[in-house]
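Trainee: I've got this model open and would like to talk through its cysteines and one of its sheets. Could we take it a bit at a time?

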Amino acid sequence: MKYLWIAALFLGSMAGYGGATSAPTAPKPGSLESYKDWTIGCDNRNRCEAVALLPEGADWPDSPVSLGIARNAGPDAEAEMWIDHDERHGRAAISILIDGRKLAGATSDGATAELRGPQVAALAMAMARGGVMEVRAGKRVIGRPSLAGSAAALRYMDARQGRAGTTTALVAKGKLDPTAVRPAPVAPAIKRMLIPVGPAPAALWREELTAVGVQTGCADEMRDGPVPELYSLSRTQTLVVVSCGAGAYNVTSVPLIATGVPGRRIFRNAVFDFQPGWSEDSAKPMLVNARFAPEASRLESYAKGRGLGDCGGSEAYVWDGTRFRLVEARAMGECRGSWHWITTWSAQVVD
C-alpha cells in the first residue's frame, strides 16, 4: 500500500533562504524505488539501502523478520546486511540459506544480527540468482524473506553508486578497477545555534492563545487538545508547538516562533528549508508526532502511514538561529512489513 503524501514529502521542498550553512540550495531527499518485493532508496551522499518486503497480499507473520542490504558510496565501501527479528528468539546464531545452502552467518544480540564485507557480497550475488531464502536462529526457521525483485534492487544500487561494470559491484560486475567508482559526495554542513539553558518560557496568556488559534487555524483542536509546548530558542525567540488534531497513531501540530514579552508576544510560522510531515501549505508547516530536544537544537517529525509502523516518513532539523534546517530524512513508502525506514537525506551538524 502506498501513500500519496509520502511521494509529496520528496517533492515538496521549498526555496532556500539565507542562513548559517554551507549548503547553497534547499535539500532534495532521494526518492524510493520498488521492484516486486524489494524497495530501495539512496540519500544525497549516495548511501543506498535495499529492504525486503512482504509479498503483495501476504498476511503479517507471527514472528516477523526484516532484512536489508546497505552500502556507502565510494570505491572502498563494503556492503552490510542487517536482520531484525522477534526478540522472543533471543540471542542466537543466525544463518542465512539460499536454496538450501548456508551462505552466511552471524550472532544476534537478541533482536538484530549484522553481517559485513565479503560475506555480504557473496550473499548478494546468490540472492540475485536464487529462488528461496531462509533465515534460521539455531535450527529453527524464523523467516523466509522474498527474493523477488532483489536482483533489480541491487543492480539499481550498483548503478546509482557508479559501480556497474567494476569489480566492486554486487550484481552488475565487470572488469573495471575500483578506481573507476565515483567518490561519495560531501555531506552538507549545517551550523546549529546552541540553545541557552535557562528558565522555561512563561505560559501563553489567554489573549495569546486566541492569537495562536487564529494564526494556526487550529482553534477548535486547541480547545480539547493539550496546551501549546514552549521552548526557548534564544533570549528573544521561543518555539511554540501548537496541537492541531490527533488520530489513532499520529498527532499533528503547528510550530510557531514567538517574540516579545509575555502577554504581548508576536507569533509567526516557523520557517523550514524543507517542509515537514503533512505540510500542504508552504506558509503553514505541519509536524507529526513532534519532538524537540533543546540540548541538540533538534526538532523531529515522525508520521506513520499506519499503526504497525511499517511505512511513513520522518524528518529531523536543527535550529540555525533563523530557521530549521533538514539534517536527516527517512521514509518507507510500502506498507509491507518493514519497520526499517530508508535514509533519503543526511547532513553533518556543526557547532
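**Strands and disulfides**

Mentor: Sure, let's begin with a strand pair: strand 18 (residues 298–304) and strand 19 (residues 312–319) run antiparallel and are joined by 7 bridges. Strands here are DSSP runs of E, at least two residues long, and helices are runs of H or I, at least four long, all numbered from the N terminus. Keep in mind that this is a predicted model, where local features need pLDDT of at least 70 and side-chain atom pairs 80 or more, while totals for chains, interfaces and linings use all residues. Residues are numbered from 1 along each chain as its sequence is written, and side-chain values use heavy atoms, with hydrogens and water left out.

Trainee: Which residue in strand 19 does Arg 298 stand opposite?

Mentor: Arg 298 belongs to strand 18, which covers residues 298–304. Across from Arg 298, in strand 19, is Val 318.

Trainee: Which strands are the edge strands of the open sheet?

Mentor: Two strands count as paired if DSSP finds at least two bridges between them. The sheet has 5 strands, antiparallel in pairing, in the order 17-18-19-20-21. Those that pair on one side only are strand 17 (291–293) and strand 21 (342–346).

Trainee: How many disulfides are there?

Mentor: A disulfide is a covalent bond between the sulfur atoms of two cysteines. The rule used here is a pair of cysteine sulfur atoms within 2.5 Å. Counting bonded cysteines along the chain, the pattern is 1-2, 3-4, 5-6. The count comes to 3 disulfides.

Trainee: Is Cys 48 buried or exposed?

Mentor: Cys 48 is joined to Cys 42, S to S 2.1 Å. Buried means under 20% relative accessible area, exposed over 50%, and partly exposed in between (1.4 Å probe, protein chains only). Because its relative accessible area is 0%, Cys 48 is buried.

Trainee: What is the handedness of the link of Cys 218 and Cys 244?

Mentor: The sulfurs of Cys 218 and Cys 244 are 1.9 Å apart, and both residues are buried. With -85° about the S-S bond, their link is left-handed.

Trainee: Where in the chain is Cys 335?

Mentor: Cys 335 forms a disulfide with Cys 311, S to S 2.0 Å. The pair links distant parts of the chain, 24 residues apart, with Cys 311 in the loop between strand 18 and strand 19. Cys 335 is in the loop between strand 20 (324–332) and strand 21.
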